[in-house]
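Biologist: I'd like a close look at one part of this protein, the place where two of its domains meet. Could you walk me through that part and then carry on outward from there?

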Amino acid sequence: MTIVRHLAEGDRERVAHLQKQAFVLPPERVAIAGNYPLEQGWVVEDAGTVQGALRVQKLRQFFGGRGVPCAAVSSVKVAAEARGGGYGGALLRHVLEALRSEGVAVSTLFPVHGGVYRRYGWEFAFAYLRRSLPIAELAWRPPPEAEAGAGGVTVGPVHDDEFDEVAAWYRDRAAGENGLFDRDEAWWEERLLAPRFGRTPYRYVARSGGSVCGYMLYTHEPASGVMPYGFDLDCRDFYWDGPAALAALLHFVRSHTGMGQRLVWPGPPGDPVELVLTGIAPTVARRMAGMFRLVDVPAALAARGYPEGLEAELRLCIEDDVLPANAGPIAVRIADGRARVSGPARDGASAGPADRGGRSAPRVDVRTLAALYTGQLNADTAARAGLLPGVDADTRRTLRAAFAGPVPWMAEFF
Ligand SMILES: CC(C)(COP(=O)(O)OP(=O)(O)OC[C@H]1O[C@@H](n2cnc3c(N)ncnc32)[C@H](O)[C@@H]1OP(=O)(O)O)[C@@H](O)C(=O)NCCC(=O)NCCS
């Protein structure tokens, strides 16, 4: 019999084996495989044998300026000999139901197989982008005098006792974007600061008048095809606020010319760095499409922020073939940057205002709504692709206005 349950101590060796079989991992991540906290792990077992596993890390993801309770799903794998037999699907379905009952509103992941996750309600809904540029070619618009401030911007190493200040600055900065994580300490440690292939990131902070105005975390990655010991300056994080901060960080990067071959950094699809560069244009070194799921549709709509000044009402009938609790009519009233959501009805009970005419409200699949929610998909584009049949122009206008904002992106691959 197939059962899905939390990871137990006795599963660790088997899960680490499945992990190593499914992925080529840096040595440091082999050590983590199967060794994360038990409550983060889920396994699918049949006749006493663990056939598959995944990991869930709970944190918040920023949308519209507010942190939405999120489950970051990773390390999904099924034993090579058992694939295609329904174990992966059983695992995803069970974990989604458990997460919903635990108060998780949304879920995000990087897929290898888009089809499998779409089958379970995730949709492509944000990008992970890394751009690259030869360091020797770095040239940029000088910042306006007034921006540079009296003492200018300084760039220096982040000392251990300064790190909390940098992390708090990241948090403020990330809240202004869509899709970035509100990182907790464990996420910082494992995903940003830990060594990978033996390389621990350098940490540098930009300050203006003593206050943080940017920072970068980067490793020196071996650069191929150049002199021995050459490296690419490979950023895990590259954040700045204002042209003077960016100029100071770029100046610091350019001081690596010689051994330093290329600057590689993560950024949003419309990266403002491109607006400041005046020399050779950056190329995209890597692009990964990320997927997103509304695990609890009403909770997800109520938890995010909305554009200031927008007053609107949406009536939709949600379709969700995996989580029936999401399915049915909802009414969303948006005012003062927040949404009040009613519906869907449970067990035939009234959903209040959502039920009045709700069943005839335009039908929206939970996947399409996920991509609209992050802001990656525009409602008119969705309609053109046939994803919003029966949704009238007024509703499309409201969807566009409600989910307007910075294009969603993710700074870290996990
Ligand atoms: C990806 C993986 C975990 C899926 O597990 P699995 O046990 O083979 O998957 P299942 O047999 O349960 O199939 C899952 C569902 O996805 C569907 N599916 C599979 N491939 C699909 C595709 N390309 N398009 C649409 N649906 C697809 C299946 O039909 C099934 O749907 P169902 O539940 O309605 O029957 C497994 O193949 C694996 O371990 N691959 C190697 C590691 C890996 O790539 N992990 C993913 C990291 S993101």
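Modeller: Here is a tour that starts at the domain contact and then moves on to other spots in the chain. Bear in mind that this is a predicted model.

The domain assignment splits the protein into domain 1 (2–121), domain 2 (129–287) and domain 3 (296–402). The pair to look at is domain 1 and domain 3, whose centres, taken over C-alpha atoms, are 28 Å apart. Domain 1 puts 17 residues into the contact, and domain 3 puts in 21 residues. Together they bury about 1,500 Å², and carbon and sulfur atoms give 56% of that area. On the domain 1 side, keep an eye on Phe63, Arg66 and Arg100: they supply 44% of what domain 1 buries against domain 3, more than any other three residues.

What about charges and polar groups? The interface of domain 1 and domain 3 has 1 salt bridge. Aspartate 296 and arginine 100 form a salt bridge, with their closest N and O atoms 3.3 Å apart. For polar contacts across the interface of domain 1 and domain 3, the count is 9 residue pairs. If you want to find the domain 1 side by its secondary structure, go to β4, α3 (87–101) and α4 (114–119), since each of them supplies at least two residues that touch domain 3.

While you're at β4, have a look at serine 75, which sits in that strand (residues 66–78). Serine 75 has a phi near 55°, a positive value in a residue other than glycine. Serine 75 counts as buried because its relative accessibility is 18%, and the cut-off is under 20%. Aspartate 336 also has a phi near 55°, but this one is in the loop between β15 (328–335) and β16. Aspartate 336 is exposed, at a relative accessible area of 74%. Following the chain onward, you come to a cis peptide bond between glycine 343 and proline 344, with omega at about -5°. Proline 344 belongs to the loop between β16 (338–342) and β17 (363–365).

Next, aspartate 320, in the loop between β14 (312–319) and β15. Despite being in a loop, aspartate 320 is buried, with 7% relative accessibility. What does its side chain meet? A polar atom of the aspartate 320 side chain lies 2.9 Å from the backbone nitrogen of leucine 323, and the side chain also makes a polar contact with that of asparagine 326, at 3.0 Å. Setting aside neighbours within four places in sequence, the residues in contact with aspartate 320 are Arg293, Asn326, Ala327 and Val366.

Now for salt bridges across the structure, which holds 29 of them. Glutamate 319 pairs with arginine 363, closest N and O atoms 3.2 Å apart. That pair links distant parts of the chain, strand β14 to strand β17, with the two positions 44 residues apart. Glutamate 319 is partly exposed at 31%, and arginine 363 is partly exposed at 41%. Aspartate 380 and arginine 396 make another salt bridge, 2.9 Å from N to O. Here the link runs from helix α12 (residues 379–384) to helix α13 (residues 393–402), with the two residues 16 apart. Glutamate 190 and arginine 191 also meet in a salt bridge (3.7 Å, N to O), and both of these residues are buried. Arg29, Arg55, Glu190 and Arg191 are linked in a network of salt bridges.

For a buried spot in domain 2 (129–287), try leucine 233 in strand β11 (residues 231–240). Leucine 233 has a relative accessible area of 0%, so it counts as buried. Beyond neighbours within four places, its contacts include Ile135, Met216, Tyr218, Val253 and Leu263. The C-alpha atoms of leucine 233 and proline 134 are 9.9 Å apart, although 99 residues separate them along the chain.

Finally, the cysteines. The count of disulfides is 0. Why is cysteine 213 unpaired? The closest cysteine sulfur, in cysteine 235, is 16 Å from the sulfur of cysteine 213, which is too far for a bond. Cysteine 213 is buried at 9%, and cysteine 317 is buried too, at 2%.

Notes:
Residues are numbered from 1 along each chain as its sequence is written. This is a predicted model: local features need pLDDT of at least 70, side-chain atom pairs count only at pLDDT 80 or more; totals for chains, interfaces and linings use all residues. Side-chain values use heavy atoms; hydrogens and water are left out. Helices (H or I, at least four residues) and strands (E, at least two) are DSSP runs, numbered from the N terminus. Buried means under 20% relative accessible area, exposed over 50%, partly exposed in between (1.4 Å probe, protein chains only). A disulfide is a pair of cysteine sulfur atoms within 2.5 Å. Domain bounds come from an automatic or database domain assignment. Contact means heavy atoms within 4.5 Å. Buried area is the accessible area (1.4 Å probe) that two parts lose on being put together, summed over both. A salt bridge is a side-chain nitrogen of Lys or Arg within 4 Å of a carboxyl oxygen of Asp or Glu. A polar contact is a pair of N or O atoms within 3.5 Å; within protein, one must be able to donate a hydrogen and the other to accept it, and residues adjacent in sequence count only if both atoms are side-chain atoms.
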